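Please open the model in your viewer and follow the stops below in order. At each stop there is something to select and a short account of what is there.

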Amino acid sequence: MRKRVVAVLTAMAALSIGGPPRVRAENGPAPDWARLNSETLRHFQALVRLDTQNPPGNEYLVTDYVKSVLEKEGIPVQIFASDPKRPNLVARLKGNGKKPPLLYMGHSDVVTVDPKKWTFPPFSATRDGGYIYGRGSLDDRPHVVSGMMTLLTLKRLNVPLDRDVIFLVESGEEGTTEVGIGYMASQHADAIAAEYCIAEGGSTARIGGKVNYAAVEMTEKLPRRMELVATGPSGHASRPLQGNAVVHLAAAVAAVGRWRVPVRLNATTTEFFKRMADIMPAPESARYRALLDPGSAGAAAADSYLAENAPGYASMLRTSISPTMIEGGYRINVIPSEARATLDVRMLPDENPDQFLAAMTRVINDPAVVARYVNDAGALRPSGRPARIDSEAFAAIQSAASRNYDTVTIPMMGTGATDMAQVRAKGAECYGIGPAADVEDGPKGYGAHSDQERILESELYRFARFSYDIVNDLARAKAN
Ligand SMILES: [Zn+2]
């Protein structure tokens, strides 16, 4: 509270001294946020109204829009497409080359909708009660509009840059990366080569209406599709067989489903639980501290608690397995000779797949069941180096989070997959950030991919500014 009063007084003093209040030496020229907010809203609603459900995508709707807005203000745009209806857009503001480029990305596709389930039509961008509703309002239009507004603002204010600022709007993020980031990374890597990248994947958590922390994604788990195949003799179902493939498969699925894969923390998750322990009240803080001492009785109890009550955190502790599909048999009186199950496996970034497969095979402990990896081109993500906590980029994010949200920054590992995987695999350090949302909103059905996806209008503006501050801090030319 006192800190705020002092800040306001300082700002007032600066104004009364005279001189151009729009220029702050420390942070470069100050944008006119009030004007930018209404412009951000206009573009955001226009973008939410574009139907880019994937499948089929039709992401050209978004790239056409962004292209025309940027080109109108003299920002050069390139389009790269393996499928003309699913292009990727790259815009670049040139710097003086003192530092390598910075990449800001947002994806242009959204997941599909069932319009019957929506209170407000999914592509209406309806404003109601301080929220904007629509598919993509959280995932991932905020990054698209914020990246666009950041480039426009840097350009209008003529901010001199020490590095190129690249803005990528990529298609196909929701399960068809071969037209989007996969295509860009394999065919046009030069166009997006950067030292740092900023993208979706982080989250800024509001609890009880107040921002509690800004979580930044430093690394993420690697999705792998696995299959269990049980084989056995077929026969007449009136004469039960010990080798029944369905029975063997069921036992194997239960065994891997209940398997508590050993906990392994890395630099990111260690720091995550440390910082969470500092800001959360007891008994959460005690649980997080216990996890930092693996092997202790407290750690095992905390692990069980998270498995039951906070599956997202439990998944950060280990390579995880979710059996999701099962098939076998074709009529009631035939014992089938084969049955199979599909497992959604999310590996720790440094997991050894061969050793993991061997361990799973021991857990199944049944020669009638084979576990194996299945290639899944659209979902496959390469592994890359986790982002550093002691980098210039993390410092810029921390300072922008403190300036805009008055909150701490917490490094975390994403349990899902993002397009940062491909960029990290090219050597960039990638940081996932996200707009602030009430943590209570998700379970109530207002989160990303839900039937009532929504964002707080005020948080959209704050996120655009947060994004601008990070990019400006990292790219603006600094004397020395
Ligand atoms: Zn997304």
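Over the ring of which residue does the charged end of Arg 454 sit? Select Arg 454 together with Tyr 446, and you will find the charged end over the ring of Tyr 446, 3.5 Å from its centre. Keep Arg 454 on display and add Tyr 131, because Arg 454 also lies over the face of that ring, at 3.6 Å from the ring centre. Bear in mind throughout the tour that this is a predicted model.

**The zinc ion**

Next, select the zinc ion with His 107, Asp 139 and Glu 200, which supply its protein donors: NE2 of His 107, an OD atom of Asp 139 and, listed twice, OE of Glu 200, lying 1.9 to 2.5 Å from the ion. If you check the angles among the four donor atoms, they run from 54 to 150 degrees, and the site is irregular. Along the chain, the donors follow the spacing H-x31-D-x60-E. Asp 139 lies in the loop between strand E7 (131–133) and helix H4 (141–156), while Glu 200 lies in the loop between strand E9 (196–199) and strand E10 (203–207), so this pair ties together parts that are 61 residues apart in sequence. Both Asp 139 and Glu 200 are buried.

**The disulfide**

Now select Cys 197 and Cys 430, which are joined by a disulfide with an S to S distance of 2.1 Å; a search of the whole structure finds one such link. The link is right-handed, with 120 degrees about the S-S bond. Cys 197 lies in strand E9 and Cys 430 in strand E19, so the pair ties together parts that are 233 residues apart in sequence. Both cysteines, Cys 197 and Cys 430, are buried.

**Aromatic rings**

The structure holds 14 aromatic pairs, and one of them can be seen by selecting Phe 394 and Tyr 431, whose ring centres are 6.3 Å apart and whose planes stand at 40 degrees, so the pair is tilted. Phe 394 lies in helix H13 (residues 392–405) and Tyr 431 in strand E19 (residues 429–432), so the two tie together parts that are 37 residues apart in sequence. Are these two rings buried or exposed? Phe 394 counts as buried at 1% relative accessibility, and Tyr 431 counts as buried at 0%.

For the last stop, select Phe 272, Phe 273, Tyr 288 and Tyr 313, which form one aromatic cluster.

Notes:
Residues numbered from 1 in each chain as written. Predicted model: local features only at pLDDT ≥ 70, side-chain atom pairs only at ≥ 80, totals over all residues. Heavy atoms only, no water. Donors = N, O, S within 2.8 Å, 3.2 Å for Na, K, Ca; no water. Tetrahedral: all angles 85-135°; square planar, octahedral: opposite > 155°, others 65-115°. Helix = DSSP H or I, 4+ residues; strand = E, 2+ residues; numbered from the N terminus. Buried < 20%, exposed > 50% of the residue type's maximum accessible area, 1.4 Å probe, protein only. Phe/Tyr/Trp six-rings, centres within 6.5 Å; stacked < 30°, edge-to-face > 60°. Lys NZ or Arg CZ within 6 Å of the ring centre and 35° of its normal. Disulfide = S-S within 2.5 Å.
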